[in-house]
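Student: Before we start, could you take me through the reasoning behind the labels people put on a model like this?
Tutor: Sure, let's look at it together.
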Amino acid sequence: MKIRNGFVSNSSSSSFICEVSGVSESGWDASRRDLGFVVCVNGHTFLEKYTIDISDRELFEAKKAALLKKFLINEKALEDKSYTEEMHKWRENYIAHIREKYSIVEQIHYGDGDFEDTLDEYYNDVFDELEVPENQCPLCMFTEVNPETFFKFYLKENNLTKSDVALMLKERFKTWENFRNYMASNE
Ligand SMILES: [Zn+2]
């Protein structure tokens with residue numbers, strides 16, 4: 001999360017960076033929505049105008065899938081931890097609760113009217129109401145790529161570390177100016 005807090009009186013300055021365009025917006029006591037940002041279920045932050053348009057039905061299916069996946073992740077997280085005797089009962093109850101919600105969501109279909117509201121309610125409960133599903137996010141759908149994603153991919157594909165790249169640049173260009181000139185040229 002790209003928030004920076006200041007210490008001027010009771011106000012705080014928030015700043016967010018769009019991972020698609022690199023544009024940053026900041027404001028006093030501003031939420032990301034105030035500044036025009038949305039976040040996807042995988043944590044990508046971008047300006048609302050980059051949200052991919054999808055049909056109501058696709059949105060419904062995407063929310064349902066994201067919710068079911070999240071329930072499974074939450075259940076798994078509870079199983080993976082070790083608990084004291086007292087906590088054990090709590091865990092069992094909580095797992096039962098998650099499973100119940102899972103089976104409710106599983107049975108909701110597009111066009112089910114009021115039940116769709118229930119799905120929305122669960123979705124906003126589990127995710128932030130601003131979080132959009134994967135198929136509305138240009139970074140999840142790879143219609144855009146952020147530099148960080150590209151760099152990590154480049155390193156893995158070429159079996160390199162960040163230090164390897166630094167060394168390559170140092171050996172080839174010696175100075176930043178040489179590198180900048182190369183980048184600006186048509187070579
Ligand atoms: Zn995303």
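Tutor: First a yardstick: the expected span of a helix is 1.5 Å times one less than its number of residues. Helices (H or I, at least four residues) and strands (E, at least two) are DSSP runs, numbered from the N terminus. This is a predicted model, where local features need pLDDT of at least 70 and side-chain atom pairs count only at pLDDT 80 or more, while totals for chains, interfaces and linings use all residues. Residues are numbered from 1 along each chain as its sequence is written.

Student: How does the span of helix 5 (residues 162–173) fit that yardstick?
Tutor: Helix 5 has 12 residues and reaches 16 Å from first C-alpha to last, close to the 16 Å expected. Right after helix 5 comes K174, with a positive phi near 65°.

Student: What about helix 2 (residues 85–106), with its 22 residues?
Tutor: Its end C-alpha atoms are 32 Å apart, which agrees with the 32 Å expected.

Student: Why is helix 2 said to lie largely in the open?
Tutor: Use the burial cut-offs: a residue is buried if 20 or more other C-beta atoms lie within 10 Å of its own, exposed if 12 or fewer, and partly exposed in between, with C-beta atoms placed from the backbone. Of the 22 residues of helix 2, the number buried is 1, so helix 2 lies largely in the open. For helix 5, the number buried is 0 of 12, so the verdict is that helix 5 lies largely in the open.

Student: What makes something a nonpolar core, and which residues have the most contacts inside the largest one?
Tutor: A nonpolar core is a set of buried Ala, Val, Leu, Ile, Met, Phe, Trp, Tyr and Cys residues joined through C-beta atoms within 7 Å. The largest has 17 residues, and F37, V38, C40, F46 and L67 have the most contacts inside it. Two or more residues each come from strand 3 (37–40), helix 1 (56–80) and helix 3 (114–126). Strand 3 gives the largest share, 4 residues.

Student: How do you know which strands pair?
Tutor: Two strands pair if DSSP finds at least two bridges between them. Strand 1 (residues 13–17) and strand 2 (residues 24–28) are joined by 5 bridges and run antiparallel, with F16 opposite E25. Strand 3 and strand 4 also qualify, being antiparallel over 3 bridges; one bridge links V39 to T45 in strand 4.
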